[in-house]
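New to this one? Let's take a walk through it together, one surface at a time.

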Protein chains: 2
Amino acid sequence: MAAASIDNAPSERAQHLLRALVERYIRDGQPVGSRMLSRESGMDISPATVRNVMADLEEMGFVSSPHTSAGRVPTVKGYRFFVDTLLEVHPPSDEEITQLRDRLLADDDSPQVLLTSTSNLLSGITRMTGIVTLPRHENLSWRQIEFLPLSENRVLTILVLNQREVQNRILYLDRSYSADFLRQTANYLNDQFAGLSLTEVRDRLLNELRETRASLNEMMLTAINMAEQVFTSAGQDGYVMAGETNLMNFAELSEVERLRRLFEAFNEKRDILHLLDQCISAEGVQIFIGEESGYSVLDDLSVVTAPYSVDDRIVGVLGVIGPTRMAYDRVIPIVDITAKLLGAALKSRK
Amino acid sequence: MAAASIDNAPSERAQHLLRALVERYIRDGQPVGSRMLSRESGMDISPATVRNVMADLEEMGFVSSPHTSAGRVPTVKGYRFFVDTLLEVHPPSDEEITQLRDRLLADDDSPQVLLTSTSNLLSGITRMTGIVTLPRHENLSWRQIEFLPLSENRVLTILVLNQREVQNRILYLDRSYSADFLRQTANYLNDQFAGLSLTEVRDRLLNELRETRASLNEMMLTAINMAEQVFTSAGQDGYVMAGETNLMNFAELSEVERLRRLFEAFNEKRDILHLLDQCISAEGVQIFIGEESGYSVLDDLSVVTAPYSVDDRIVGVLGVIGPTRMAYDRVIPIVDITAKLLGAALKSRK
DNA sequence: GCTGGCACTCCCGGCTTGCGAGTGCCAATT
DNA sequence: AATTGGCACTCGCAAGCCGGGAGTGCCAGC
């Protein structure tokens, strides 16, 4: 056997060829043959030699041929090696950057709209699918609560958190309370809790409940309840997606059945969220190539993600989903920059 | 020419055969031949005779053959005739009705959630795509406004309408106001406007602005602004859809390109909304078959809609989108009942 | 007016064929 | 020992061909 196949790392030359192969394959999606590589690699090398090298690379698991006499195609391992060590990223064009800046730092948007814009931008620039998880707010603090009596035994409760988060919900009580009583309760709660973090509020409320079995039980319980909802719901109802239909243009997704399963996964959200959750701890851009994600609907698809932070605190993840043969050199920096800009944008309107 | 082809209405017998043909075609999607019809129509009639009748029906434009020696397939005109005069609807099963009842009249849901549930139910029961427009609220009345000072010159405004509609938004003011001043302003506005309809509020505010150029201009303007947003936004951000992926199971949508255009239209919302708007004036169930809709993305698809009302006032439209060859006899009553139940559910939690 | 018979048309699946692309191996060259 | 050209071979793919089946339109007879 040749030396190259004994080492587990491919030779210099093999790496160069692998890189040329992956780039070529990303460009036009066709298996790459030896002649093409010999011509385009830039190295003065004959097709036959290329074939020998390819045999080595195949043995090492970096490439494979769809059938006996087709060219070679990168395997997941091949892509992984490419992305990890061969890739040189290609910074976004000026227009792309200004486009991102202009849209994300325009300050008249609510956070919700901002996430949608971000998702749209990601999908628009990459022509793939953009995804942005809703930011989780960890240390929300109680600002103000308000009870508005509705007809009968129903009370509209409005809870304002931090600076701008507003939650509202209707309570169905077992009896009706006077407007005065409601106002007093609200005042009491606000006096007690304004400025405290929700975890503190929760603890105090529970304590208080245990000691003084006051008549405001029901409303206090609701307050706890709503607070908890804020904690969890923001993390749960998931993400904003855009440009799903872009994926329909790619040949690797031409079978309707695959598409259907994929779109169902998008609607389901659970699997995708779980995948994104894994990225929230990562430092920078993270990439799942093909089956690496562990979810079969994402076979032949890659996910490029980056966490985004507000005040050095990671609060969410965004990214792009596209075919495995995507232009990683373009996509990676775009995802990276977008994450930073989104963080900045969120901070500026916190 | 035979008599049947001179009248523009098909003969009794032709109608019976047409009905059998459409039902059969809806069942299994294959062009229906004369032998099959002769056997299954229940009329004692030979295939040859059926062929003669089919020739008449084809001449009249109710059926057509995909090619010389295939069976016949209903045309849009054929479906239309079937739906208008031949169809006998098939009331939903008891389980379906109870399912709808249980899910829609369970009273712990917010209106938003209710619409989503409805959409899910429609898609789940019909195995097609469910769609529900957001209800428009015409005569919302002012209940209460609240200004919460944030950092710097920003104020969080919360506007409560009717009984449960809560809008919130952040204002960027040119200078900072004291908490007291904000409270006074809110009180003033609430005293003036509580219980009034938004149109009245708007008129009064504009009047007042013209006469007394008070310092609360900015905030009053905002109040108007928000009120207007409620008017329009609710009608604009469209609809809730569910089960889009169900459409991917139908043979008539096996081409990815068609699917892509369809899903883009779903995301775009504009065309679909425009179509639904036409149904809001109709009394009961309305059906668009294939090209009747006028939107080419909906070719080969039918839309079955019904308006839903609260207090005898139509506030929205819901429906089902599926292949032209759908089981109209089942779908129509389901859409009908769902619209009524949704109306009732909305009323009960108004 | 209905019916059986019959020739005809067309789709569809399976099979074959030829071509092109690309490989693997080998022997010759450097 | 690495590189190279040559060559036989493999495979996928598109085109062409064929036969069967389903269904039609027409016609003549009842």
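What follows looks at the surfaces near the DNA and then at where the protein chains meet. Keep in mind that this is a predicted model.

Let's start with DNA strand C. There are 21 residues around it, and those that come nearest are Gly33(A), Ser34(A), Ser46(B), Thr68(B) and Ser69(B). Three helices each supply at least two residues of this surface: helix H3 (34-40) and helix H4 (47-60) of chain A, plus helix H3 (47-60) of chain B. Of these, H4(A) gives the largest share, with four residues. Sort the surface near strand C by class and you get seven nonpolar, eleven polar and three charged residues.

Now turn to DNA strand D, which is surrounded by 22 residues. Here the closest are Thr49(A), Thr68(A), Ser69(A), Gly33(B) and Ser34(B). H4 of chain A, along with helix H2 (34-40) and H3 of chain B, each put in at least two residues. This time the largest share comes from H3(B), again four residues. The surface near strand D splits into eight nonpolar, eleven polar and three charged residues.

So much for the DNA; what about the two protein chains? In chain B, 21 residues are in contact with 21 residues of chain A. On the side of chain B that touches chain A, at least two residues each come from strand S4 (142-149), strand S5 (154-161), strand S6 (165-172) and helix H10 (256-268). H10(B) gives the most to that side, with six residues. By class, that side of chain B has eleven nonpolar, seven polar and three charged residues.

Methods:
Residues are numbered from 1 along each chain as its sequence is written. Chains are lettered from A and ligands numbered from 1 in the order in which they are written. This is a predicted model: local features need pLDDT of at least 70, side-chain atom pairs count only at pLDDT 80 or more; totals for chains, interfaces and linings use all residues. A residue is near a molecule or strand if its C-beta atom, placed from the backbone, lies within 6 Å of it. Ala, Val, Leu, Ile, Met, Phe, Trp, Tyr, Cys and Pro count as nonpolar, Asp, Glu, Lys and Arg as charged, and the others, Gly among them, as polar. Two residues are in contact if their C-beta atoms, placed from the backbone, lie within 7 Å.
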